[in-house]
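Reader: I'd like to learn how to read a model like this one, feature by feature. Can you walk me through it?

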Amino acid sequence: TEDQSFAISQLGYLKTDKLWIGLNDLKTAMFFEWSDHSSVPFVSWGKNEPSHNADDKEDCVLIGGEEGKWADEICKNKYGFICKKDAHSSPSTNDTVVTSPGCKPGWTRYGYYCYFIGTETKTFEEAKQMCVKTESYLVDITSRIENAFLVSLVGLRPEKHFWIGLSNNKYWHTFEWTNSRKVPYTHFNAGMPGRKQGCVGITTGTLAGLWDVLSC
């Protein structure tokens, strides 16, 4: 799920990194539930997990490593953690100025890069040129972690799509980034790309993060 991918994006990249999540079986052994009592429609257990060592009372769950797999662990052990709460206000349609180290005002830093969310709707070519004017390029997305980060920026915006730098305008069976980098990762929506030819936008709303081929 996107929640899982976003959580992974907040971890370090070492296999030793671990964070508490709200899953536990404190009430009934091997009956796992979230601390807010919501349903558990998705799990991502690591190999041989949950191990549930009865002697050690491994009743709480950690997420860890590059793949974000889960493992049960002794609740009294100390690890980092991730908090989550309901927002108390609707997302603003105005651009929020975010200052990130090494980035200009209005840009958001993630890893080694700065990201800017366009303030106006534009065609693919117009968007491409606007990026060039700011000495940047339409975003290339190289992993599900980066994709999840972008969802955290645009997922609740009112626009239905945001352009990314991918297109197959030259040949319908070959997608290319505007910066000419390789395409090791894609995240197309159901039925996409098929034989559609055009430019790619990342979706917002309930299907946030999926990619659609659109008319440029």
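Reader: Let's start with pairing. In strand 10, which residue is the bridge partner of F162?

Author: Strands of a sheet pair through backbone hydrogen bonds, either parallel or antiparallel. Here F162 has I202 as its bridge partner in strand 10. Keep in mind that this is a predicted model.

Reader: How many bridges join strand 8 to strand 10, and which way do the two run?

Author: There are four bridges between strand 8 (residues 161–171) and strand 10 (residues 199–203), and the two strands run antiparallel. Another pair you can look up is S167, whose bridge partner in strand 10 is C199.

Reader: And what about strand 11: how many bridges does strand 10 make with it?

Author: Strand 10 pairs with strand 11 over four bridges, again in the antiparallel sense. To find a spot to click on, take G201: its bridge partner in strand 11 is D212.

Reader: In what order do the strands of this open sheet come?

Author: The order is 9-8-10-11, four strands with antiparallel pairing. At the edges sit strand 9 (174–177) and strand 11 (211–214), each of which pairs on one side only. On average, neighbouring strands of this sheet are turned by 40° against each other, direction ignored.

Reader: Is strand 10 mostly covered or mostly open?

Author: Mostly covered: five of its five residues are buried. For a strand, check which way each residue points. In strand 10, C199, G201 and T203 point one way while V200 and I202 point the other way, and all are buried.

Reader: Which helix lies across strand 8 and strand 10?

Author: That's helix 2 (residues 124–133), running at about 110° to strand 8. Its buried residues pack against strand 8 and strand 10.

Reader: Which residues of helix 2 are buried, and why do they end up on the same side?

Author: With a helix, look at how the buried positions are spread around the axis. In helix 2, F124, A127 and C131 are buried. They fall on the same side of helix 2 because they cover an arc of only 65° around the axis. Right after helix 2 comes E135, with a positive phi near 60°.

Reader: Good, backbone torsions are my thing. Which residues other than glycine have a positive phi in the loops?

Author: Two to look at are N48 and S180. N48 has phi near 65°, and it isn't a glycine. N48 lies in the loop between strand 2 and strand 3. S180, also not a glycine, has a positive phi of about 70°, and its place is the loop between strand 9 and strand 10.

Reader: Are N48 and S180 buried or exposed?

Author: The cut-off for exposed is over 50% relative accessible area. N48 is at 64%, so it counts as exposed. S180 has 66% relative accessibility, so it is exposed too.

Reader: Where are the cis peptide bonds?

Author: For these you read omega. The bond from E49 to P50 is cis, with omega near -5°, and P50 sits in the loop between strand 2 (33–34) and strand 3 (60–64). The bond from M192 to P193 is cis as well, with omega near -5°. P193 is in the loop between strand 9 and strand 10.

Reader: Now a single side chain. What does the side chain of N24 reach?

Author: It reaches the backbone nitrogen of L26 at 3.3 Å. N24 itself is in strand 1 (residues 18–24). With a relative accessible area of 11%, N24 is buried. Leaving out residues up to four places away in sequence, N24 touches F31, F32, E33, S35, D59, C60 and V61.

Reader: What does G80 touch, beyond residues up to four places away in sequence?

Author: G80 touches K18, L19 and W20. The C-alpha atoms of G80 and K18 are 6.7 Å apart, although the two are 62 residues apart along the chain. G80 belongs to strand 5 (residues 80–81) and is partly exposed, at 29% relative accessible area.

Reader: Last one: what is the mean pLDDT of the protein chain?

Author: It is 81, and 81% of the residues reach 70 or more. Over residues 87–99, though, the pLDDT is below 50, and that stretch has 13 contacts in the model beyond near neighbours in sequence.

Key
Residues are numbered from 1 along each chain as its sequence is written. This is a predicted model: local features need pLDDT of at least 70, side-chain atom pairs count only at pLDDT 80 or more; totals for chains, interfaces and linings use all residues. Side-chain values use heavy atoms; hydrogens and water are left out. Buried means under 20% relative accessible area, exposed over 50%, partly exposed in between (1.4 Å probe, protein chains only). A polar contact is a pair of N or O atoms within 3.5 Å; within protein, one must be able to donate a hydrogen and the other to accept it, and residues adjacent in sequence count only if both atoms are side-chain atoms. Contact means heavy atoms within 4.5 Å. Two strands pair if DSSP finds at least two bridges between them. Axes are lines fitted to C-alpha atoms, for helices over the stretch in contact, and angles run from 0 to 180 degrees between N-to-C directions. pLDDT is the predictor's confidence in each residue, from 0 to 100. The arc is that of the directions from the helix axis to the C-beta atoms.
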